Amino acid sequence: MEAIQKLVQEPLYKIVISNPKSGAVPFRKITLSRGEDGHFFIEKLTEKQAFHGTCTAASLSQSLTEFMALGFRQLDAWSKDRAYTLKISKKGKETLLQKKVSASAPKAQTAHNREKQYILKEYSDIPPLVDLGVFTKEGKIVRSRYDKYRQINRFTELIDDALKNWKKDTIRILDFGCGKSYLTFILYHYLVKIRGISAEILGLDLKEQVINDCNTLAEKYGYSGLSFRVGDVGDFSDTQRPDMMITLHACDTATDYALYHAVRLGCPLIFSVPCCQHELNQQIAPQTLTAFTAFGLVRERFSALSTDTLRGLLLRSRGYEVDMLEFVDMEHSPKNLMIRAVQKNISQQKRKEAQKQAEDLMEAFHFSPTLYKLLHP
């Protein structure tokens, strides 16, 4: 169609095909929206379903021609400052109209502006997200899994922020208590496919079947630098210094052992999302502030917060700059705290202050945390 050939020469960001011939077209509307990479995301709507796909800018003309040939009579399109309307009469005559964009015209990439904020973009080829059920096979976000998509992106953004000044073309990472490792697979994809860093990641977990499954998936995805092995973090004895240590929901004192090994090996980057902080809940015996033990729920939460506070202070005492971050909104998960520790040139005075703060808290509530005992044998 001559009008379509003319249209695709313009920098279009959105196209809506509508007004189908009665009973002749399987779809009631087709929408195309240009993504950040120049590809167009396609949504074809029936009365009850939505079908999705993509096309390149080079194939846009062919796609539009094929869609209109299904029996549609109208095509609306928008560029930054112009709006276009193509109408097809009953006799097949083409009429192409254009005008300056008005205040009521659709905003450029309204739906996809949100996507630009994410490192892991919709319609990207990310096999682990498909297997996890976050993406469809076409790469579209499954709306019921949008919270999980946000959480995974939040994790990736935190890693990305820590690596913004990363100069090396390789990185070695330890993942303690890796479990099913979906975030580890995503981390590998981000490092290798997006950042172009050659990554070597080792995942460690106690469950042999989980480890076998993870190794099978790594082979399926072609992630040659990602491997898993059965092992107890408490018995970990490797001596090679990693560039990063992550531990996501390692239960109770397993987090303490992971942090200890990171300090022991001089690991410069630590990302830890603790879980099930039971140890101090069994020890708490305040000398004066007995109100913290008057209610079970308060006792549990105060003990958990104290556990992570002590971990942060003890890492500071060993020369780390420590942040406590919200990993994911509280409404989606109560396990939402991440400890991010970066090795810095911290003065001895600040290290001693952090050590004293930790010991004062321990004394006030009769705490004897595992991490302290590991660091002070």
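**Figure 1. Lys14 and Ser33 face each other across two paired strands.** In this predicted model, Lys14 stands opposite Ser33 in E2. The two strands here are E1 and E2 (residues 29-34), and they pair in the antiparallel sense over 4 bridges. Ser33 also has a partner in E3, where it stands opposite Phe41. That fits the next pairing along: E2 and E3 are antiparallel too, joined over 6 bridges. If you're wondering what holds strands like these together, strands of a sheet pair through backbone hydrogen bonds, either parallel or antiparallel.

**Figure 2. A closer look at Val16 in strand E1.** Val16 is found in strand E1, which covers residues 14-20. Is Val16 buried or exposed? Its relative accessibility is 13%, and because buried means under 20%, Val16 counts as buried. So who is it touching? Leaving aside its neighbours within four places in sequence, Val16 is in contact with Lys29, Ile30, Thr31, Gln74, Leu75, Asp76 and Trp78. You can also look for Ser33 in this view: 17 residues separate Val16 and Ser33 along the chain, and their C-alpha atoms are 8.8 Å apart.

**Figure 3. Thr46, a buried residue in a loop.** Follow the chain out of strand E3 (40-45) and you get to the loop that holds Thr46, with strand E4 (50-55) on the other side of that loop. Thr46 has a relative accessible area of 18%, so it is buried. Not counting residues up to four places away in sequence, Thr46 touches Pro26, Phe27, Arg28 and Phe51.

**Figure 4. The open sheet of 7 strands.** Here the strands line up in the order E10-E9-E8-E11-E12-E14-E13, and the pairing is mixed. Which strands sit at the edges? They are strand E10 (226-230) and strand E13 (320-326), and each of them pairs on one side only. From one strand to the next, the twist averages 15°. At the E13 end, 7 bridges join E13 to strand E14 (residues 337-343), and these two run antiparallel. One pair to pick out is Leu325, which stands opposite Met338 in E14. At the E10 end, helix H7 (residues 208-221) lies across strand E9 (198-205) and E10, and H7 runs at about 165° to E10.

**Figure 5. Helix H8 and what covers it.** Which residues of helix H8 (residues 254-264) are buried? They are Thr255, Asp256, Ala258, Leu259, His261, Ala262 and Val263. As you trace them, keep this in mind: an α-helix has 3.6 residues a turn, so residues three or four places apart point the same way. The cover over the buried residues of H8 includes strands E8 (170-176), E11 (244-251) and E12 (269-275), along with H9, E13 and helix H11 (370-375). After H8 comes Gly266, with a positive phi near 70°.

**Figure 6. An enclosed cavity.** How do you find a hole like this? Rolling a probe the size of a water molecule over the atoms shows where empty space is left. The structure holds 1 cavity of 30 Å³ or more, and the largest cavity has a volume of about 40 Å³. Its lining is made up of Asp256, Glu279, Leu280, Thr307, Leu310, Arg311, Leu314, Pro369 and Leu371. Sorted by class, the lining has 5 nonpolar, 1 polar and 3 charged residues. Which helix gives the most to the lining? That's helix H9 (residues 296-317), with 4 residues.

Conventions. Residues numbered from 1 in each chain as written. Predicted model: local features only at pLDDT ≥ 70, side-chain atom pairs only at ≥ 80, totals over all residues. Heavy atoms only, no water. Pairing = 2+ DSSP bridges. Axes fitted to C-alpha atoms, helices over the stretch in contact; angles between N-to-C directions. Contact = heavy atoms within 4.5 Å. 1 Å grid on protein atoms, 1.4 Å probe; cavity = no way out; pocket = protein on both sides within 12 Å on 5 of 7 lines; lining within 4 Å. Points joined across faces, edges and corners; volume = space filled by probe spheres on them. Nonpolar A, V, L, I, M, F, W, Y, C, P; charged D, E, K, R; others polar. Buried < 20%, exposed > 50% of the residue type's maximum accessible area, 1.4 Å probe, protein only.
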